[in-house]
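Dear colleague,

Please find the structure below, together with its sequence. My notes on its helix packing and its interior follow.

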Amino acid sequence: MNMQRRPRPPGVKPAAYKEFEEKTRDRSPEEYDEINHDFMELFREFGELKAQNCSSDSTEVQGQVQKLRDFITEHFYNCTPEILEELGKMYAGGGAFTETIDGRGGKGTADFTSQAINIYAGNQA
């Protein structure tokens, strides 16, 4: 049976996107820059953990994943384990996400972060 998702009617947005719009609507460019800087610092910290040869499933790394999830929830939208898992796939999927994360945390940080997120999400199920 071929089940296709019906297209969303115009003007209807997922709850996370609505929340994102609400949380970001009135931010000044300075606030945006500060939040972006703080967000990228999380990936620098992932890179440090990777450089210390921490395992993706270690307490320290899983705590960093929780810190990432909390940051996204606080500043953007409710970051459920499912949303976080999809973000992790995007982080390691190549292109701009991977390049930006690796640029901040060092080569391989995007993959390391993605692996850690995958473990975290699996533990939340």
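In this predicted model, the axes of α2 and α3 cross at roughly 170 degrees and come within 10 Å of each other. An angle over 145 degrees counts as roughly antiparallel, and α2 and α3 are therefore roughly antiparallel to each other. On the α2 side, the contact is made by Ile35, Asp38, Phe39, Leu42, Phe43, Glu45, Phe46 and Leu49. From α3 come Glu60, Val61, Gln64, Val65, Lys67, Leu68, Phe71, Ile72 and His75. Sorted by class, the contact of α2 with α3 comprises 11 nonpolar, 2 polar and 4 charged residues.

The arrangement of α3 and α4 is as follows. Their axes lie 11 Å apart, and the packing angle is about 105 degrees. The range from 65 to 115 degrees counts as roughly perpendicular, so α3 and α4 are roughly perpendicular to each other. Here Val65, Leu68, Arg69 and Ile72 of α3 meet Pro81, Leu84, Leu87 and Tyr91 of α4. The residues of this contact divide into 7 nonpolar, no polar and 1 charged.

Turning to the interior, the largest nonpolar core has 25 residues. Those with the most contacts inside it are Phe39, Phe43, Leu68, Ile72, Leu84 and Tyr91. At least two residues of this core are supplied by each of α2 (29–51), α3 (59–75), α4 (81–91) and α6 (109–124). The helix that gives the most is α2, with 7 residues.

Which residues does Tyr91 touch, not counting those up to four places away in sequence? They are Phe39, Phe43, Leu68, Ile72, Phe97, Thr98, Ile101, Ala110, Thr113 and Ile117.

As for α6, its 16 residues should span 22 Å at 1.5 Å a residue, and its end C-alpha atoms are 22 Å apart, in agreement with that expectation. Buried positions in α6 are Thr109, Ala110, Phe112, Thr113, Ser114, Ala116, Ile117, Tyr120 and Ala121. The buried residues of α6 pack against α2, α3, α4 and α5 (95–105).

One further residue deserves a note. Gln62 is found in helix α3. Is Gln62 buried or exposed? Its relative accessible area is 13%, and a value under 20% counts as buried, so Gln62 is buried. Leaving aside residues up to four places away in sequence, Gln62 touches Ser56, Asp57, Ala116, Ile119, Tyr120 and Asn123.

Yours sincerely

Notes: Residues numbered from 1 in each chain as written. Predicted model: local features only at pLDDT ≥ 70, side-chain atom pairs only at ≥ 80, totals over all residues. Heavy atoms only, no water. Core = buried A, V, L, I, M, F, W, Y, C linked by side-chain atoms within 4.5 Å. Buried < 20%, exposed > 50% of the residue type's maximum accessible area, 1.4 Å probe, protein only. Helix = DSSP H or I, 4+ residues; strand = E, 2+ residues; numbered from the N terminus. Contact = heavy atoms within 4.5 Å. Axes fitted to C-alpha atoms, helices over the stretch in contact; angles between N-to-C directions. Parallel < 35°, antiparallel > 145°, perpendicular 65-115°, else oblique. Nonpolar A, V, L, I, M, F, W, Y, C, P; charged D, E, K, R; others polar. Expected span 1.5 Å × (residues − 1).
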